[in-house]
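Visitor: I'd like to learn how to read this model step by step. Could you walk me through it?
Guide: Sure, let's look at it together.

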Amino acid sequence: MISITVTALVFGVIFLAELPDKTALAGLVLGARYRASYVFVGVAAAFLLHVVLAVAAGSVLTLLPQRIVHALTGLLFIGGAAVLLLKKDDDEEEIRKPADQSFWKVAGTGFTLILVAEFGDLTQIMTANLAARYDDALSVGLGAVLGLWAVAGLGIVGGQALMRRVPLRLITKVAAVLMLGLGAWSLYEAVAG
């Protein structure tokens, strides 16, 4: 039986946690480069796999000390920000007009990018924690998947609109600054906690 309360709570928590995340930026970039529906299929499949893994690992994750989880999360955010800041700028016309728009290439790109980027991510850790806390895998899994899909959809559609008005270089730098802030906050929690 699905608990609407748990599903709604998990949806809200995961949705808000994922909004400033690196995968929201990935959705923006992919949405700007490729056909939105193709991107969403790949991204949605990767998020579904991550939620299944997170819910399955929920009971194991609660055995780790919170300080270690916060420290690892902080380092992942800071590492992601460093990758964004140190990445060479691509030619924006090439980004806007990719050569291959086939379904399998685009969906595969979205799937692979999210699969790698989300592994061990904050929302995956949060999903595992929520699954352990509520002991309701189906409700937690449904809320988490819907929250992640909602952010992905917003990012993909927003990416198409945003790229028409704002240079990718600026979007990337703003996302990197946000990730540095989240990383610093997570490291603070690891030290203060």
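Visitor: Among contacts in the chain between residues at least 6 apart in sequence, what percentage join residues at least 24 apart?
Guide: A contact means heavy atoms within 4.5 Å. Here 94% of those contacts join residues at least 24 apart in sequence. Before going on, a word on ground rules: this is a predicted model, where local features need pLDDT of at least 70 and side-chain atom pairs count only at pLDDT 80 or more, while totals for chains, interfaces and linings use all residues. Residues are numbered from 1 along each chain as its sequence is written, and side-chain values use heavy atoms, with hydrogens and water left out.

Visitor: What pLDDT does the chain average?
Guide: pLDDT is the predictor's confidence in each residue, from 0 to 100. The chain averages 77, and 75% of the residues score at least 70. Helix 1 (residues 4-18) has the highest mean among the elements, at 88, while helix 5 (residues 92-96) has the lowest, at 41. Residues 90-98 fall below 50, and that stretch has 15 contacts in the model beyond near neighbours in sequence.

Visitor: How many helices and strands are there in the chain?
Guide: Helices (H or I, at least four residues) and strands (E, at least two) are DSSP runs, numbered from the N terminus. This chain has nine helices and zero strands, so don't go hunting for a sheet.Visitor: What share of the 193 residues is buried?
Guide: Buried means under 20% relative accessible area, exposed over 50%, and partly exposed in between (1.4 Å probe, protein chains only). Buried residues make up 42% of the 193 in this chain. The accessible surface, from the Shrake-Rupley method with a 1.4 Å probe and, for residues, only the protein chains shown counting as cover, comes to about 10200 Å² for the chain. Carbon and sulfur atoms hold 71% of that surface.

Visitor: How far apart are the end C-alpha atoms of helix 6?
Guide: The expected span of a helix is 1.5 Å times one less than its number of residues. Helix 6 (residues 103-118) has 16 residues and should span 22 Å; its end C-alpha atoms are 22 Å apart, which agrees. You can try the check again on helix 7: its 13 residues reach 18 Å from first C-alpha to last, close to the 18 Å expected.

Visitor: Which residues of helix 6 are buried?
Guide: They are Val106, Ala107, Gly110, Ile114, Ala117 and Glu118. Seen down the axis of helix 6, these buried residues fall within an arc of 115°, so they line one face of the helix. That arc is taken from the directions from the helix axis to the C-beta atoms. Trp104 and Val116 are exposed residues on the face turned away from the buried side.

Visitor: Where is Gly120, and what sign does its phi take?
Guide: Gly120 sits in the loop between helix 6 and helix 7, and its phi is positive, about 75°. At 26% relative accessibility, Gly120 counts as partly exposed. Its C-alpha atom is separated by 8.9 Å from that of Ala54, 66 residues apart along the chain. After helix 7 comes Asp135, again with a positive phi, near 50°.

Visitor: Is Gln124 buried or exposed?
Guide: Gln124, in helix 7 (residues 122-134), counts as buried at 11% relative accessibility. Other buried residues of helix 7 include Ile125, Met126 and Leu130.

Visitor: Which side chain makes a polar contact with the side chain of Gln124?
Guide: A polar contact is a pair of N or O atoms within 3.5 Å; within protein, one must be able to donate a hydrogen and the other to accept it, and residues adjacent in sequence count only if both atoms are side-chain atoms. For Gln124 the partner is the side chain of His50, at 2.9 Å. Leaving aside neighbours within four places in sequence, Gln124 is also in contact with Leu53, Ala54, Glu118 and Phe119.

Visitor: Which residues does Leu49 contact, leaving aside neighbours within four places in sequence?
Guide: Phe111 and Leu115. Leu49 is found in helix 3 (residues 36-61) and is partly exposed, with a relative accessible area of 35%. Leu49 and Leu115 are 66 residues apart in sequence and 8.1 Å apart in space, C-alpha to C-alpha.

Visitor: Back in helix 1, is Glu18 buried or exposed?
Guide: Glu18 lies in helix 1 and counts as buried at 0% relative accessibility. Beyond neighbours within four places in sequence, its contacts include Phe47, Glu118, Thr123 and Val151. Phe11 is found in helix 1 too, but it counts as partly exposed at 30% relative accessibility. Not counting residues up to four places away, Phe11 touches Gly143, Leu146, Gly147 and Ala150.
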